Amino acid sequence: MRDVIIIGAGGGGAVAAKELAAQGLDVLVIEGGPRHAKPREQWSRLENDANNPLTGYLRVGQEDRSKPAAYRELPQNSFLWQVSGVGGTTQHYFGNSPRAYPGVFGGYDGPDAALYDVEHLFPYSYSEMVPYYEWVETTLPVQTAAVGTKESVYLQGCETLGLPVQKTKTTLEASYRPQENAILQPGGTAGKTNDANLLKFPQATGCTFCGHCFQGCASPAGAPRNLAAKRSTDNSYMPMALTAETWAQGGKAVELVTDATVTKVRTEDVRGELTARGVTWLDNRTGMVHTEDAKVVVMAGGAVENPRLWFNSDLPNPNDWVGRGFTDHYLDWTFGVFEENVGSSKGPASAARTDYPGYGMNMNVGLMPGIEAFTMTFSDSGIRGQYTNGRGMSGEWDGKTGRLIGPELKDVLGHGLDNILNVVSIVDDDVSPINRVTLSTLPADENGPIPKVRFDNRHRTARSQRNREFLAREAARLLKGAGAKKVYRMDFPALPLHVHSTMRMGESEKDSVVDHSGETRAVKRLFIADNSALPNSVGGPNPTLTMQAMVTRISEHIVTRYFDGEAWVAKGSPVLSTDSRISRRLVELGL
Amino acid sequence: MGTPQVDRRFFLTRVGVLGALAAAGTAVPGVARAVTTGPADPLVGVVSKLLAELARDTLNGLAVFVVPGPDGYSRTQGTPRSEPGAMEAKTPDFLIESLDNYVPMPDQIAAAVGRALANGLADVPIVVPNGLPLIPNALLADLDDVIKLLLRNDSALPLSAVIALLLNTQAVRVDPSSAVGPHLSPFSRLSFAKKAEVFELLEHADPQLVKAIDAELPEPLKGTVSGILQFIAGALLEFSAFGTFCEWSTFDADKLTVSKRPVGWDLAKYDPGSMDGWDEFKGYYQGRQKVSAR
Ligand SMILES: Cc1cc2nc3c(=O)[nH]c(=O)nc-3n(C[C@H](O)[C@H](O)[C@H](O)COP(=O)(O)OP(=O)(O)OC[C@H]3O[C@@H](n4cnc5c(N)ncnc54)[C@H](O)[C@@H]3O)c2cc1C
Ligand code: SF4
């Protein structure tokens with residue numbers, strides 16, 4: 001019997017794996033997608049090859065790309081963007097690692113306390129969370145972003161908004177700043193040359209400004225896996241978990257099984273309490289079914305797959321909150337067309353931001369042309385100039401919201417990708433029971449009934465809608481301030497790429513699935529350790545750092561509650577994921 | 001069986017088959033009424049091929065709706081351009097490959113769309129325009145039988161063909177004169193504004209269409225259609241844009257690079273550089289390399 005089985009090696013599962021491995025527990029990690037062992041040989045870093053949701057190497061589905069991607073029922077105009085494989089969705093995340101706003105935590109009494117989703121706060125305080133933030137910020141590490149042209153232009157726009165610059169880790173007021181991100185700052189030749197021959201490790205270290213965060217970070221060339229610039233968990237936490245015996249005293253490397261999907265969490269009755277017993281999984285390649293038992297099971301399959309696995313395992317759902325309360329930041333998109341080059345295609349995807357506690361945030365985004373074209377045709381307001389779906393909003397931007405189709409799409413994109421600056425609005429959206437994951441009635445796949453993801457954008461709460469309109473106005477003001485000649489707002493349909501709170505943590509038994517420790521209320525020894533356990537949308541900031549800090553805290557509860565261990569964060573000091581012992585061991589293991 | 005000849009004409013017109021026959025001048029084998037409608041039936045082969053051509057033609061009309069170029073389809077919709085567009089980027093191939101090989105859309109849904117078209121939706125009376133070929137009644141009946149057989153049969157038709165029949169049915173609805181004219185498919189004969197009307201119907205989950213498809217779905221799937229139609233409408237537009245501007249058309253999977261610059265990169269003036277990095281590091285904002293710990 002294992003000590004712990006972790007389901008999923010993504011943004012959260014890899015953190016639990018590393019922390020528990022460091023404590024010497026016997027950990028098995030089961031990941032549904034591949035481990036991309038040699039990104040430089042496997043990844044073209046071109047966007048259809050990488051990001052096509054059906055066939056890309058960064059898709060949801062099994063390793064064999066000639067097999068169809070996993071199918072999810074999306075009963076609305078929408079796009080659900082997640083990734084399978086070691087690293088999970090962080091393989092293509094942008095590395096932005098801001099802290100949540102203090103107002104989303106319990107006990108907050110600032111003057112703006114009423115502005116947040118007050119019904120769904122964290123069941124503990126911000127100050128309780130700070131040591132866990134610091135632990136993760138050191139481990140990844142999180143640093144202040146280096147700035148390229150697009151950030152310079154974005155920050156110039158910010159300077160016209162009448163806001164202060166944030167110079168602290170904690171966001172205290174509406175403000176702007178370069179990102180704090182999990183991207184190693186450029187060193188040596190990185191960021192200083194276009195010549196690939198001069199961009200090899202160790203001559204170049206950290207971010208080379210290649211512009212392909214969305215396609216997976218494989219730079220600089222020749223760097224050990226744990227020194228790749230972007231700290232997605234395939235580069236940071238999983239390498240640590242796989243080498244724990246070399247850098248943690250008493251640590252034990254995890255066993256990792258990939259391309260294997262857990263189809264059932266098994267339980268048993270222990271002294272009248274339903275208790276996790278182990279899992280059943282399917283080897284995607286061979287079709288063989290395996291089972292294994294563990295003292296503790298950790299679900300980290302993400303905000304869509306965790307509810308699905310819960311339902312498919314026939315686990316109890318007494319308050320009917322499994323899958324409900326899905327928050328996704330109700331994204332919107334505004335962009336400006338500039339006469340001068342704003343460098344959109346170069347450097348990390350997003351390295352500057354504006355924070356509005358109580359409302360959400362705006363940040364710049366640079367993309368390749370295919371996904372840029374996708375964003376310009378993605379709207380809930382119909383086709384500009386033709387029909388509006390009952391929306392078609394006007395405001396500080398030019399003309400109405402809507403899809404750019406045909407001549408207009410060509411004209412706008414024809415200005416050149418590098419003359420376009422995008423701003424994504426990331427809304428502090430409310431936990432709402434109608435946005436949810438259920439099982440679909442469409443045919444099951446080999447892993448059981450498939451998930452159905454419902455986002456009812458027309459019935460978001462008044463606060464969510466107010467926040468979104470506010471952020472769109474601010475985005476347009478920023479772009480005009482930065483010198484945009486024309487500004488377009490898209491009015492995105494649901495684009496869940498920040499996906500949270502479907503197995504939410506909460507104070508009250510009435511509307512939460514896990515308690516403050518991450519243990520499920522309905523099944524003992526079963527923990528949730530990823531975005532789905534977040535109590536709310538963290539106020540709008542990019543969620544992963546907050547989730548990783550929460551998962552670190554959950555890992556401590558697992559060890560102290562079930563393995564007679566002691567908490568380590570308050571007293572210890574973390575090892576950096578860039579540590580040379582990890583690099584050396586990875587090379588020895590051929591990883 | 002008891003289908004009146006006039007309904008057969010409505011149906012074949014709406015799904016674009018009669019117009020395609022006229023445009024292609026395709027000779028339909030004059031098999032007599034001894035149609036077996038089995039795979040060995042020569043008419044099945046001819047019709048399958050015709051439907052594939054019709055699908056490609058429809059997707060040509062869709063791709064240039066999103067990214068027009070110097071081609072005939074863009075001229076027909078009234079928005080010709082001098083620089084290359086979706087046809088030059090081979091976007092219709094991208095769409096067909098994606099739809100037929102990779103979209104994991106359950107056969108039940110595709111088949112229900114097919115059956116809805118076969119079982120009445122497309123029989124709704126329209127003004128059949130002049131210029132459609134005069135086909136003897138016996139042959140009309142044969143064609144009707146074969147197509148309806150294919151439509152009713154789960155997974156007999158590739159998804160691209162089902163999507164095309166759907167777009168064409170809606171095309172003839174928004175503009176009956178599109179049943180005949182240049183190109184093979186009604187959708188491709190529409191003006192830009194009329195194509196937009198087709199998408200408006202789909203995005204609004206056209207109640208007539210939803211009802212007809214829903215009626216064909218087995219019980220647990222009832223009620224799933226309107227959402228799926230909205231999803232499909234969006235995805236068709238977004239995939240047309242993505243396919244045109246990404247590297248797909250010139251990607252070399254063995255070398256993991258492009259064999260030549262894709263059309264979309266030129267259109268968007270995109271330069272990937274060496275792929276490994278740019279001379280783009282401008283420094284730290286206000287010289288600050290680290291924030292305070294607070
Ligand atoms: C384009 C994009 C940009 C982003 N940028 C940022 C950013 O800059 N900053 C930020 O904070 N966040 C960002 N995010 C969000 C970030 O990626 C997520 O917050 C994070 O990955 C969530 O981690 P997770 O563990 O909840 O889920 P995931 O990372 O999705 O991991 C879940 C893993 O579980 C596996 N799995 C699922 N079910 C099973 C099963 N049954 N058996 C076995 N394995 C299973 C999956 O294959 C997957 O690997 C971005 C997201 C997108 C899409
Ligand atoms: S821009 Fe920097 S962080 Fe992003 S993929 Fe390139 S090297 Fe990695």
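**Reading a two-chain model**

Mentor: B:A205 sits in the loop between helix 10 and helix 11 (207–214) of chain B. The model before us is predicted, and this residue is a convenient place to start.

Trainee: What value does phi take at B:A205?

Mentor: The sign of phi deserves attention when the residue is not a glycine. Phi of B:A205 is near 50°, a positive value in a residue other than glycine. The residue comes just after helix 10 of chain B.

Trainee: Is B:A205 buried or exposed?

Mentor: The cut-off for burial is 20% relative accessible area. B:A205 counts as buried because its relative accessibility is 12%. A second case is B:K269, which also is not a glycine and has a positive phi of about 50°. B:K269 lies in the segment after helix 13 of chain B. Its relative accessible area is 51%, so B:K269 is exposed.

Trainee: How does one check the length of helix 10 of chain B?

Mentor: One compares an expected span, at 1.5 Å a residue, with the distance between the end C-alpha atoms. The 12 residues of helix 10 (residues 192–203) of chain B should span 16 Å, and the end C-alpha atoms are 17 Å apart, which agrees. For helix 11 (residues 462–482) of chain A, 21 residues should span 30 Å, and the ends are 30 Å apart, again in agreement. After helix 11 of chain A comes A:G483, with a positive phi near 110°.

Trainee: Which residues of helix 10 of chain B are buried?

Mentor: A general point comes first. An α-helix has 3.6 residues a turn, so residues three or four places apart point the same way. In helix 10 of chain B, the buried residues are B:F192, B:K195, B:A196, B:V198, B:F199, B:L201, B:L202 and B:E203. Over chain B as a whole, buried residues make up 59% of the 294 residues. The chain has 13 helices and 2 strands.

Trainee: Where does a salt bridge within helix 3 of chain B occur, and how far apart in sequence are B:K49 and B:E53?

Mentor: B:K49 and B:E53 form a salt bridge, with the closest N and O atoms 3.5 Å apart. Both residues lie in helix 3 (residues 42–66) of chain B, 4 residues apart, about one turn of the helix. B:K49 counts as exposed because its relative accessibility is 56%, while B:E53, at 31%, counts as partly exposed. Elsewhere, salt bridges that share partners join A:D332, A:D380, A:R391, A:R458, A:R468, A:E469, A:R489 and A:D491 into one network. Over all chains the count comes to 58 salt bridges.

Trainee: How many salt bridges cross the interface of chain A and chain B?

Mentor: The rule finds 6 salt bridges across that interface. In one of them, A:R40 pairs with B:D276, the closest N and O atoms being 2.9 Å apart. This pair runs from helix 2 of chain A to the segment after helix 13 of chain B. A:R40 is partly exposed, with a relative accessible area of 34%, whereas B:D276, at 10% relative accessibility, counts as buried.

B:D276 also meets A:R45 in a salt bridge (3.1 Å, N to O). A:R45 lies in the loop between helix 2 and helix 3 of chain A and B:D276 in the segment after helix 13 of chain B, so the pair joins two chains. Both B:D276 and A:R45 are buried.

Trainee: How much area do chain A and chain B bury between them?

Mentor: An interface may be described by its area and by its residues. The two chains bury about 7,000 Å² between them, 62% of it on carbon and sulfur atoms. Chain A contributes 93 residues to the contact and chain B contributes 73 residues. The interface also holds 36 residue pairs in polar contact, both residues being at pLDDT 80 or more. By class, the side of chain A that touches chain B has 39 nonpolar, 35 polar and 19 charged residues.

Trainee: Which residues does a cis peptide bond join in the loop that holds A:P202?

Mentor: Omega is the angle to inspect. A cis peptide bond joins A:F201 and A:P202, with omega about 5°. A:P202 lies in the loop between strand 6 and strand 7 of chain A. A:T189 is placed in the loop between strand 6 (187–188) and strand 7 (204–205) of chain A. At 18% relative accessibility, A:T189 counts as buried. Leaving out residues up to four places away in sequence, A:T189 touches A:L198, A:L199, A:Q203 and A:A204. The peptide bond from A:S219 to A:P220 is cis as well, with omega near -5°.

Notes: Residues numbered from 1 in each chain as written. Chains lettered and ligands numbered in written order. Predicted model: local features only at pLDDT ≥ 70, side-chain atom pairs only at ≥ 80, totals over all residues. Heavy atoms only, no water. Contact = heavy atoms within 4.5 Å. Buried area = accessible area lost by both parts, 1.4 Å probe. Salt bridge = Lys/Arg side-chain N within 4 Å of Asp/Glu carboxyl O. Polar contact = N/O pair within 3.5 Å; in protein donor to acceptor, adjacent residues only side chain to side chain. Nonpolar A, V, L, I, M, F, W, Y, C, P; charged D, E, K, R; others polar. Expected span 1.5 Å × (residues − 1). Buried < 20%, exposed > 50% of the residue type's maximum accessible area, 1.4 Å probe, protein only.
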